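Q: I have a structure on the screen and would like to go through it. Could we take the pockets, then the packing, then the charged pairs?

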Amino acid sequence: MRKSHPIRRVVLTTAATVSGIVLLLSLKPGSDPASAAAGAAPGAPGAVQESAQGGAGAAAGSTVTGDAAQTQYGVVQVRLTVAGGKITKAEAVQAPKGGRSDSVTADAVPRLNREAVAAQGADIDAVSGATYTSAGYRQSLQSAIDKAKAAPAPAPSAPASQGAGGAAAGAARTVTGTVAQTQYGPVQVRVTVSGGRITAAEAVQAPKGGESDQKTALAVPRLNREAVAAGSADIDSVSGATYTSEGYKKSLQSALDRAGG
């Protein structure tokens, strides 16, 4: 058995080392900092799309906040984003909190927000287990919708023959009727009138407390819809809520009288 020559071992070792260095230099790192920076640059398609969408939404939408609605468990207040005459977003800026209300609000409010956008109005179902929050949400939502409708919008230029009175005739305005006292509490109705028609109706006051809360939550939305559909105070009473219905019709008629019939 022959012994390897020392010089030969040195030569082989040196050759292996050089080969290893050349191989390492030829490899590129898997993550290049410059490439990563370029991928996150504003010019990337994804970033441009997000920026454009955010900018368009901010420019096109206007925000309106409804009146705060008092419920047995706390205040509910709804804010809407409206664009192109449509509700694009709904959110509760105030809702009952503390104790069990936290879990009820966490479950109910997101569902109510989605329903408001889907329905494009306050005619939405109450969330099971969150009756009071749902009723307050709808009340504040209707208020926000009324404010959005009443907000002045740029009017198209009218022909010279059409006077200022013609332009004003089609403008929407909100009128609140007198308070009607009932056996279970006051009822007061506010209507939005445009072009001689009722475009929205809501009860800004209604009986509350105990059993009245449930009756109000059931009756008032139906009375609101009936008022808009009938265009007058000639609407049917809601079964089981006779006193509230009568007070509603009385205040509604008062509001219509103030609006000019």
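Q: Which helix gives the largest share of the lining of the second largest pocket?

A: This is a predicted model. In it, helix 4 gives the largest share of that lining, with four residues.

Q: Which helices supply at least two residues each there?

A: They are helix 4, residues 100–119, and helix 5, residues 131–150.

Q: What volume does the second largest pocket have, and which residues line it?

A: Its volume is about 170 Å³. The lining consists of Tyr 73, Pro 96, Arg 100, Ser 101, Val 104, Thr 105, Gly 129, Ala 130, Thr 131, Tyr 132 and Thr 133.

Q: How does that lining divide by class?

A: Five of the lining residues are nonpolar, five are polar and one is charged.

Q: On to packing. Which residues touch the most other members in the largest nonpolar core?

A: Val 189, Val 191, Leu 223, Tyr 248 and Leu 252 do, in a core of 21 residues.

Q: Which elements give two or more residues to this core?

A: Two strands and two helices do: strand 7 (185–194), strand 8 (197–205), helix 7 (211–230) and helix 8 (242–259). Helix 8 provides the largest share, five residues.

Q: What does Leu 223 touch, leaving out residues up to four places away in sequence?

A: Leu 223 is in contact with Ile 235, Asp 236, Val 238, Ser 245 and Tyr 248. Apart from the core just described lies another one, of 19 residues, including Ala 90, Ala 108, Ile 124 and Leu 141.

Q: Changing topic: how many salt bridges does a search of the whole structure find?

A: The search finds eight salt bridges. One of them joins the side chains of Asp 67 and Arg 190, at 3.0 Å from N to O.

Q: Which parts does that pair tie together?

A: Asp 67 lies in the loop between strand 1 (62–65) and strand 2 (69–71), while Arg 190 belongs to strand 7, so the bridge ties together parts that are 123 residues apart in sequence.

Q: Is Arg 190 buried or exposed, and why?

A: Arg 190 has a relative accessible area of 16%, and buried means under 20%, so Arg 190 counts as buried. Its partner Asp 67, at 30% relative accessibility, counts as partly exposed.

Q: And Arg 79, which residue does its side chain meet in a salt bridge?

A: The side chain of Arg 79 meets that of Glu 91, at 3.2 Å from N to O. Arg 79 is in strand 3 (residues 74–83) and Glu 91 in strand 4 (residues 86–94), twelve residues apart. Arg 79 is partly exposed, with a relative accessible area of 29%, and Glu 91 is also partly exposed, at 23%.

Q: What about Asp 123: which residue does it meet in a salt bridge?

A: Asp 123 and Arg 225 meet through their side chains, at 2.6 Å from N to O. Asp 123 sits in the loop between helix 4 and helix 5, and Arg 225 in helix 7, 102 residues apart. Asp 123 counts as partly exposed at 48% relative accessibility, and Arg 225 is partly exposed at 36%.

Q: Last one: which residues do salt bridges that share partners join into one network?

A: The network consists of Asp 67, Lys 147, Arg 190 and Glu 202.

Key: Residues are numbered from 1 along each chain as its sequence is written. This is a predicted model: local features need pLDDT of at least 70, side-chain atom pairs count only at pLDDT 80 or more; totals for chains, interfaces and linings use all residues. Side-chain values use heavy atoms; hydrogens and water are left out. A nonpolar core is a set of buried Ala, Val, Leu, Ile, Met, Phe, Trp, Tyr and Cys residues joined through side-chain atoms within 4.5 Å. Buried means under 20% relative accessible area, exposed over 50%, partly exposed in between (1.4 Å probe, protein chains only). Contact means heavy atoms within 4.5 Å. On a 1 Å grid over the protein atoms alone, a cavity is a set of points where a 1.4 Å probe fits but cannot get out, and a pocket is an open set with protein on both sides within 12 Å along at least five of seven lines; lining residues have an atom within 4 Å of a point. Grid points are joined across faces, edges and corners, and a volume is the space filled by probe spheres set on the points. Ala, Val, Leu, Ile, Met, Phe, Trp, Tyr, Cys and Pro count as nonpolar, Asp, Glu, Lys and Arg as charged, and the others, Gly among them, as polar. A salt bridge is a side-chain nitrogen of Lys or Arg within 4 Å of a carboxyl oxygen of Asp or Glu.
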